[in-house]
Each structure stands twice: as C-alpha cells, then as structure tokens.
Amino acid sequence: MYDCFYLPVCREGEKTARKVFFYMISIQKLIHDYFRQDEDGNVAEKVRAVDGVDLEVHAGEFIVILGHNGCGKSTLAKHINALLYPTEGEVWVDGMNTAEEKNVWDVRQKAGMIFQNPDNQIIAQVVEEDVGFGPENMGIPTEKIWERVEESLKTVGMYEFRKKSPGRLSGGQKQRVCIAGVMAMHPKCIIMDEPTAMLDPSGRREVVAAARDLNKKEGITIILITHYMEEAIDADRVFVMDHGRVVMQGTPREIFSRVEDMQELHLDVPQVTLLAHELRKNGVRIPAGILTKEELADALIKRGAEQKGRDRSVVTHH
Ligand SMILES: Nc1ncnc2c1ncn2[C@@H]1O[C@H](COP(=O)(O)OP(=O)(O)OP(=O)(O)O)[C@@H](O)[C@H]1O
Ligand SMILES: [Mg+2]
C-alpha cells in the first residue's frame, strides 16, 4: 500500500518529485554540518550532526524518534520545520522542498513544532489569546480564529482554562496550550522535540495523551522525539538514531525486542520490557518484546496455566 510507483516515461528529476509527493515527509540522504568559528571568525570545527538520513513518513502516522544526547534528533527535527536547510540531500514536506525559499512559510504552516520548554513558547497573557496568535498571524478572519481556538483547546482538554493566565498553569497544562496553539494553525504534521522533558509524570501523560488524540482523532501526523521509552510504545514506527544516522527502525515491538542492541546504543527499553527480557533469560517461556504490564501479566498467567496443565498430566500419568 505504501509502495511508490513511477511512470516509465519520467526523467530522473520527475521521478523524485513523484516519489516525494507520495509522502507527508520525505528525507533523502540528508547531511547537516554545523560550523563552529573561532574568535577571528574562521571555521575552527565542523560538526556533522546529521549524516546521511533517509526517512519517509506517511500522512497520519505516529512516529517516535529515539537516540542518546547529541545524536542529531533536534537537528533533524528542525529540518522538517525549515528552521535549518540541508548541507546535502533533500527534505520534502507535503510535496514541498524545504530548501526553496518560496516554500518556507507554507512548510512551517504544514509542519508545526513544539519544543521542550513551554515557557519559551507562550507569548500572551491569556490562554485563548495565545492559542489565537498563530491563526491571527496567518490572516485568518476573526470569527474563524475563535472557532479554531475553541476546537483546539477542547482537543487538548484545556477549554475550561481559556480565560486563565498561562503563568498559573502546571507544566503539562502549559505544554497542552502550546500544542493547541500549533493545532489552531491547522498543520498536517506536528513535530514535538522532547515536549515532556521538563514535566512531571502526570504532565507527561497529559501531553502524550493530547498528542495521541491529535493523531487518532484529527489525523495529524505526529513526530515525537523523546527520551522516555514508555512514550514510544503506541507509535506506528520508531526510528533510533546514533551519531547522526538512523540505525534502527521498526514497530515499537520490533525495536524493543532488541534489548541488547538498545543497550549498546546506551538506550533503555520500557521497564516492563526489560523485566520480561530478564525473565526470558532466566528460562521463563514468554514472548519477546512485551511492551505493557497487561501483556506481561497475560503472558505469565498463560504460562502458569500451561505449567499447571503439565503438572496435572504428570500426576495423572503416575
Ligand atoms: N548550533 C549548533 N552549533 C554547533 N553544533 C551544534 C549546534 N546544535 C547542535 N550541535 C551539535 O550537533 C550534534 C547534534 O545535536 P542535536 O541537538 O541535534 O542532538 P540531539 O539528539 O537533539 O541531542 P539531545 O538529546 O541532547 O537533545 C551535537 O554534537 C551538538 O553538539
Ligand atoms: Mg535535542
């Protein structure tokens, strides 16, 4: 269903165009170099932050990107939002090449971005005004702005706080206001760069639930960058980065079954997955890649029942 097709008569450039139109996001052989300068303004050091990434995301997918500090996740994210331009390679968002200046405004509208710290993203003194800021900037007529503000605040569960000052909200609530602000611009895709990093566990749950609702109910493509493995278990696909490259990709179950590979990359797996992995290593026969407490409980109950059945048959046999 996801395969691309080309017309046989296409020339090379046209082939690329056809291919990228097929995806919400298409990243091809992306390289990003940062240049550090010395005091005299000469290039002292080149840092290759993204080193040949190919990545394609279909409309409506929920993608999680994992990877230890400094592996290039944020740099990659900024390319999808046209905050950075490729040193080499191409990034296409909804059929638009981010390197073309005429596309920058449209790309940023199509692909909204949420950062770690909600305090840096909230501008207005009242929640509803903050959410209305984006659509107002886009020149949306006033009554439509209020419709969008209401719809967005309801989606993230913050409608009852619409008249409040953002300063009085919890971290999780502030971040949900930020998400509503991006949603009010009607993006097709939202990139969230560690949106839960500064939140307590309940704030984290609120924000991840809001992201999931945006994806499932509104059909918005979500790219979530996180250090919390538990936040990845509901993703459609997970990409793992290391040293600027995508080194693993697959479903959460495929990725988290590879506990040792993840550990080699200095990454965790969800706690329950690790526990199940240890049990398996100690001879308990349960499936690999268990992701939730419920799955582990079910597997152990099933295992217990099998064991009981075997014990009974041994007794009968005697
Ligand atoms: N503005 C910059 N100038 C120079 N080097 C940079 C700049 N931003 C990032 N880097 C370097 O590029 C590499 C990738 O950084 P990036 O922020 O993309 O990683 P990350 O995976 O998001 O890390 P983290 O998990 O800490 O957020 C790192 O080596 C970092 O030091
Ligand atoms: Mg980062």
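**Figure 1. Separation of the two domains in the predicted model.** The C-alpha centres of domain 1 and domain 2 lie 40 Å apart. Domain 1 covers residues 12-250 of the protein chain, and domain 2 covers residues 270-318. The C-alpha trace of the protein chain spans about 85 × 50 × 50 Å along its principal axes. The chain contains eleven helices and ten strands. Of its 318 residues, 39% count as buried. Among contacts between residues at least 6 apart in sequence, 62% join residues at least 24 apart.

**Figure 2. Helix α5, residues 142-155.** Helix α5 has 14 residues, which at 1.5 Å a residue should span 20 Å; the end C-alpha atoms are 20 Å apart, so the two values agree. The buried residues of α5 are Ile 145, Arg 148, Val 149, Ser 152, Leu 153 and Thr 155. These residues lie on the same side of α5, because they cover an arc of only 155 degrees around the axis. Just after α5 comes Gly 157, which takes a positive phi of about 70 degrees.

**Figure 3. Packing partners of α5.** The buried residues of α5 pack against three helices: α4 (127-137), α6 (171-183) and α7 (201-216). Two of these partners, α4 and α6, also meet each other, as the next view shows.

**Figure 4. The crossing of α4 and α6.** The axes of α4 and α6 come within 7 Å and cross at roughly 35 degrees. The crossing in which α4 passes α6 is right-handed. On the α4 side, the residues that meet α6 are Val 127, Asp 130, Val 131, Phe 133 and Gly 134. On the α6 side, Val 177, Ala 180, Gly 181 and Val 182 take part. These four residues of α6 are also among the buried residues of that helix.

**Figure 5. Helix α6 and its surroundings.** From its first C-alpha to its last, α6 reaches 18 Å, close to the 18 Å expected for its 13 residues at 1.5 Å a residue. Twelve of the 13 residues are buried, so α6 is largely enclosed by the rest of the structure. The buried residues include Gly 172, Gln 173, Lys 174, Gln 175 and Arg 176. Also buried are Cys 178, Ile 179 and Met 183. The cover over the buried residues of α6 includes the strands β6 (111-114) and β7 (189-193). Helices α4, α5 and α7 are also part of this cover.

How values were computed: Residues are numbered from 1 along each chain as its sequence is written. Chains are lettered from A and ligands numbered from 1 in the order in which they are written. This is a predicted model: local features need pLDDT of at least 70, side-chain atom pairs count only at pLDDT 80 or more; totals for chains, interfaces and linings use all residues. Domain bounds come from an automatic or database domain assignment. Helices (H or I, at least four residues) and strands (E, at least two) are DSSP runs, numbered from the N terminus. The expected span of a helix is 1.5 Å times one less than its number of residues. A residue is buried if 20 or more other C-beta atoms lie within 10 Å of its own, exposed if 12 or fewer, and partly exposed in between; C-beta atoms are placed from the backbone. The arc is that of the directions from the helix axis to the C-beta atoms. Two residues are in contact if their C-beta atoms, placed from the backbone, lie within 7 Å. Axes are lines fitted to C-alpha atoms, for helices over the stretch in contact, and angles run from 0 to 180 degrees between N-to-C directions. A crossing is left-handed if the near helix is turned anticlockwise from the far one by less than a right angle, and right-handed if clockwise.
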